[in-house]
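Let us walk through this structure step by step. Keep the sequence and the 3D view side by side as you read.

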Amino acid sequence: MNRQALFAKKETTYGTAADLTAADVIHAENVRYVPKGETVKGDPAKPGFGSIPGVTYGEHGELTFDVPLAGSGTAGTAPKWGVFMKAVGWTETVVADTSVTYALGLPPLADSLTFRWRDAKRTHVLTGARGRVSLKVTAGQRLMLSFLFRGLHADPTASAAPTPADVTWTGWNDSLPVQQGRTTFSLDGTPLTLRDFSIDAADNVRFTDVPHQENVELLGDIALSGKVKAGTPDLAVFNPETKWRTNAVVVGALVHEVGSPGRIVTINTRGQMGAPTYSRDNDQDVFESDFALVGSNLGTSDDIAIVLT
């Protein structure tokens, strides 16, 4: 029997635990929590063998989990996972009855979150949490967002195992598999038979523990890099090596759950392709390339946008 439940909510004051209720549960998969810290100890000149005790400092926690990348079901209504995007430095733009768009913030200001992870008879609480996000699109699999959060550590407490009565799943939707008729993918306007497409963020999530400061901040750029694997097209239509050699900026577009208002997910990207490699996938000719995301100019962060309609 699964005896886990993960909850999250935006904090009013950084590091002060938010009041979590059953409605704050997360449709989280592959949840993993790890306490982190550093140990320092001396190395005195002494007779005999053996070491001396160390002292731990900089205690914090690291939480990772996946969430289905799915719309709320109503156009212009933000999904439940939107709270996480605003805690990883992305912006949320809502157009009533029309769309919700997530894009890179400039600068990367971020909300802080309180997490509560109930695992069997333990409860872990993480406050002041901020993080980063990546996404993975694979043919035949569901669209997923993968989050990493770091926050202020607290020792776990004993608690009863969670029950179905402790959670309210209202507002959460699952994603459907990537397949023909439901998903389209193109680079530079050319439809491609997609196998894999991924976007990863560089780790700019910094925990600091020094006098007068103990917090988690997003420092530096939210640098994004990706990979694409697709069927090799007719080279007269789209030549991956030419795109790489000429340093062309390629516009990508993935649309998922086509024709389902309120659940349509569009991922718009701009990037430069790396040198392609060629192979066979189920005896079909495919290419694979790095995909480094770039903005249209120095003052614009339009590398990527997730649009829900």
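**Charged pairs, rings and hidden space**

K227 is partly exposed, because its relative accessible area is 41%. Salt bridges that share partners join E62, R132, R150 and D203 into one network. Keep in mind that the model shown here is predicted.

Start with K227. Its side chain meets that of D290 in a salt bridge, with 2.5 Å from N to O. D290 sits in strand β19 (residues 284–293) and K227 in strand β15 (residues 224–231), so this pair ties together parts that are 63 residues apart in sequence. D290 is partly exposed too, with a relative accessible area of 40%. Partly exposed covers the range between under 20%, which is buried, and over 50%, which is exposed.

Now find R142 and E29. Their side chains also meet in a salt bridge, at 2.5 Å from N to O. R142 lies in the loop between β7 (122–138) and β8 (144–152), while E29 belongs to strand β2 (residues 29–40), so the pair ties together parts 113 residues apart in sequence. How open are these two residues? R142 has 26% relative accessibility, so it counts as partly exposed. E29 has 22% relative accessibility, so it counts as partly exposed as well.

Next comes R150. It is placed in strand β8. Its side chain forms a salt bridge with that of E62, at 2.9 Å from N to O. This pair links distant parts of the chain: R150 is in strand β8 and E62 in strand β3 (residues 55–68), 88 residues apart. Is R150 buried or exposed? Its relative accessible area is 12%, so R150 is buried. In fact, both partners, R150 and E62, are buried. The side chains of R150 and E62 are also joined by a polar contact of 2.9 Å.

Look around R150 once more. Which residues does R150 touch, leaving aside its neighbours within four places in sequence? The contacts are H60, G61, E62, L126, G128, A129, R130, D203, V205 and V216. Two of these names, E62 and D203, appear again in the salt-bridge network, together with R132 and R150.

Step back to the whole structure. How many salt bridges does the count give? The count comes to 16 salt bridges. The pairs visited above include R142 with E29, R150 with E62 and D290 with K227.

Charged side chains are one part of the story. Aromatic rings are another. A search of the whole structure finds 13 aromatic pairs. One aromatic cluster is formed by F65, F84, F115, F147 and F149. Try picking out these five rings in the 3D view.

Finally, turn to the empty space inside. Rolling a probe the size of a water molecule over the atoms shows where empty space is left. The structure holds 5 cavities of 30 Å³ or more. How much space lies in the largest cavity? The answer is about 50 Å³. Its lining is made of M85, W90, V133, S134, L135, L145, I199, L224, I304 and I306. Which strand gives the most to this lining? Strand β7 does, with 3 residues. Both β7 and β20 (304–308) supply at least two residues each to the lining of the largest cavity.

Notes: Residues numbered from 1 in each chain as written. Predicted model: local features only at pLDDT ≥ 70, side-chain atom pairs only at ≥ 80, totals over all residues. Heavy atoms only, no water. Salt bridge = Lys/Arg side-chain N within 4 Å of Asp/Glu carboxyl O. Helix = DSSP H or I, 4+ residues; strand = E, 2+ residues; numbered from the N terminus. Buried < 20%, exposed > 50% of the residue type's maximum accessible area, 1.4 Å probe, protein only. Phe/Tyr/Trp six-rings, centres within 6.5 Å; stacked < 30°, edge-to-face > 60°. Polar contact = N/O pair within 3.5 Å; in protein donor to acceptor, adjacent residues only side chain to side chain. Contact = heavy atoms within 4.5 Å. 1 Å grid on protein atoms, 1.4 Å probe; cavity = no way out; pocket = protein on both sides within 12 Å on 5 of 7 lines; lining within 4 Å. Points joined across faces, edges and corners; volume = space filled by probe spheres on them.
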